[in-house]
Amino acid sequence: MKLLLIEDEPELGKSIQNYLDASGFVCEWVTTISLAIEKIELYEYDAILLDLMLPDGNGFQILKELKSRNKKDGIIIISAKNTLESRIEGFKIGADDYLTKPFHLSELLVRIQALIRRKNFNGNNIVIFNEIKIDILSKIVKVHDKQIDLTKKEIDLLLYLIGNKNRLLSKNAIGEHLSGDMADMLDNLDFVYAHIKNLKKKLKIAKSEEYIKTVYGLGYKWQDD
């Protein structure tokens with residue numbers, strides 16, 4: 001799962017990024033509105049963590065920018081501003097949640113997980129697709145009620161594919177989801193093919209139907225024929 005953190009306090013920003021990376025997310029971090037808008041123009045995120053008081057303006061500008069672009073990224077405001085007016089304005093413009101500083105990183109993690117469940121999986125902790133069952137919190141995947149051994153990246157890929165069922169996903173989109181903007185710095189996206197190949201092999205061994213379809217020259221699709 002890919003996150004964007006917009007936070008200008010260096011110590012807090014680094015702490016949040018390290019914690020979320022260790023929790024299995026790809027967390028990109030910027031410190032200004034201008035850098036955030038550059039990211040939003042180029043990429044899609046499962047969740048954006050937005051501070052309101054930034055060096056080059058008010059974080060509400062980013063909310064308005066997302067709304068004007070009809071972007072569907074989930075938004076959690078993280079701010080020291082704890083007024084009712086700020087909360088109401090944030091929700092009116094399009095925020096999904098509001099967390100007041102200071103906060104425990106474990107609470108932020110729970111809020112992010114809840115937001116992603118609401119956005120992608122109708123609020124469920126358990127994702128079921130025919131014979132496949134995924135526990136999002138414990139990272140356990142079962143096929144025909146038997147647990148299979150997947151890496152964190154493979155579980156993330158599986159959830160991303162199921163969450164975008166019947167949508168054609170380019171190698172670039174998958175690469176960005178798995179590795180963030182680091183994908184732009186790689187010479188090729190062979191790692192995407194490797195993850196797809198390994199996931200397909202493990203599902204096949206577990207006697208799952210073949211849902212991952214390759215659309216040659218374009219990308220991949222999770223499809224239930």
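In this predicted model, the salt bridges come to 10. I will go through a few of them, then one buried leucine, then the pockets.

Start with Asp51 and Lys101. These two form a salt bridge, and the closest N and O atoms are 3.4 Å apart. The pair ties together distant parts of the chain, 50 residues apart. Asp51 sits in the loop between β3 and β4, which covers 53-54, while Lys101 sits in the loop between β7, 97-100, and α5. Are these two residues buried or exposed? Asp51 has 2% relative accessibility, so it counts as buried. Lys101 is buried as well, because its relative accessible area is 14% and the cut-off for buried is under 20%. In general terms, side chains of opposite charge can pair when their charged atoms come close. This pair also belongs to something wider: Glu7, Glu9, Asp51 and Lys101 are linked in a network of salt bridges.

Next, Arg69 and Glu65. Their side chains meet in a salt bridge at 2.6 Å, N to O. Here the setting is partly exposed on each side of the pair: Arg69 is at 37% relative accessibility, and Glu65 has a relative accessible area of 21%.

The third pair is Lys200 with Glu210, a salt bridge at 3.8 Å, N to O. This one also links distant parts of the chain, with the two positions 10 residues apart in numbering. Lys200 is in helix α8, residues 190-205, and Glu210 is in the loop between α8 and β12, the strand at 212-215. What is the accessibility class of each partner? Lys200 counts as partly exposed, at 26% relative accessibility. Glu210 is exposed, because its relative accessible area is 54% and exposed means over 50%.

Now the leucine. Leu49 lies in strand β3, residues 47-50. Its relative accessible area is 0%, so Leu49 is buried. Which residues does Leu49 touch, once neighbours within four places in sequence are set aside? The contacts are Leu4, Leu5, Ile6, Ile16, Leu20, Ile76, Ile78, Leu108 and Ile112. For a sense of distance across the model, take His195: it is 146 residues from Leu49 along the chain, and the two C-alpha atoms are separated by 28 Å.

That leaves the pockets. The largest pocket holds about 540 Å³ of space. It is lined by 22 residues, and those closest to its centre are Glu44, Tyr45, Tyr160, Asn164 and Arg167. Which helices supply at least two residues each to that lining? They are α5 at 105-121, α6 at 152-163 and α7 at 171-179. By class, the lining of the largest pocket divides into 8 nonpolar, 5 polar and 9 charged residues.

The second largest pocket has a volume of about 220 Å³. Its lining has 13 residues, and the closest to the centre are Ser23, Gly24, Phe25, Lys152 and Asp156. Helix α6 gives the most to this lining, with 5 residues. The classes here are 6 nonpolar, 2 polar and 5 charged. Helix α6 therefore turns up in the linings of both pockets, by the residue runs used to define helices.

To recap the main items: Asp51 and Lys101 are bridged and sit in a network with Glu7 and Glu9; Leu49 is buried in the model; and the largest pocket, at about 540 Å³, has 9 charged residues in its lining.

Notes:
Residues are numbered from 1 along each chain as its sequence is written. This is a predicted model: local features need pLDDT of at least 70, side-chain atom pairs count only at pLDDT 80 or more; totals for chains, interfaces and linings use all residues. Side-chain values use heavy atoms; hydrogens and water are left out. On a 1 Å grid over the protein atoms alone, a cavity is a set of points where a 1.4 Å probe fits but cannot get out, and a pocket is an open set with protein on both sides within 12 Å along at least five of seven lines; lining residues have an atom within 4 Å of a point. Grid points are joined across faces, edges and corners, and a volume is the space filled by probe spheres set on the points. Helices (H or I, at least four residues) and strands (E, at least two) are DSSP runs, numbered from the N terminus. Ala, Val, Leu, Ile, Met, Phe, Trp, Tyr, Cys and Pro count as nonpolar, Asp, Glu, Lys and Arg as charged, and the others, Gly among them, as polar. Buried means under 20% relative accessible area, exposed over 50%, partly exposed in between (1.4 Å probe, protein chains only). Contact means heavy atoms within 4.5 Å. A salt bridge is a side-chain nitrogen of Lys or Arg within 4 Å of a carboxyl oxygen of Asp or Glu.
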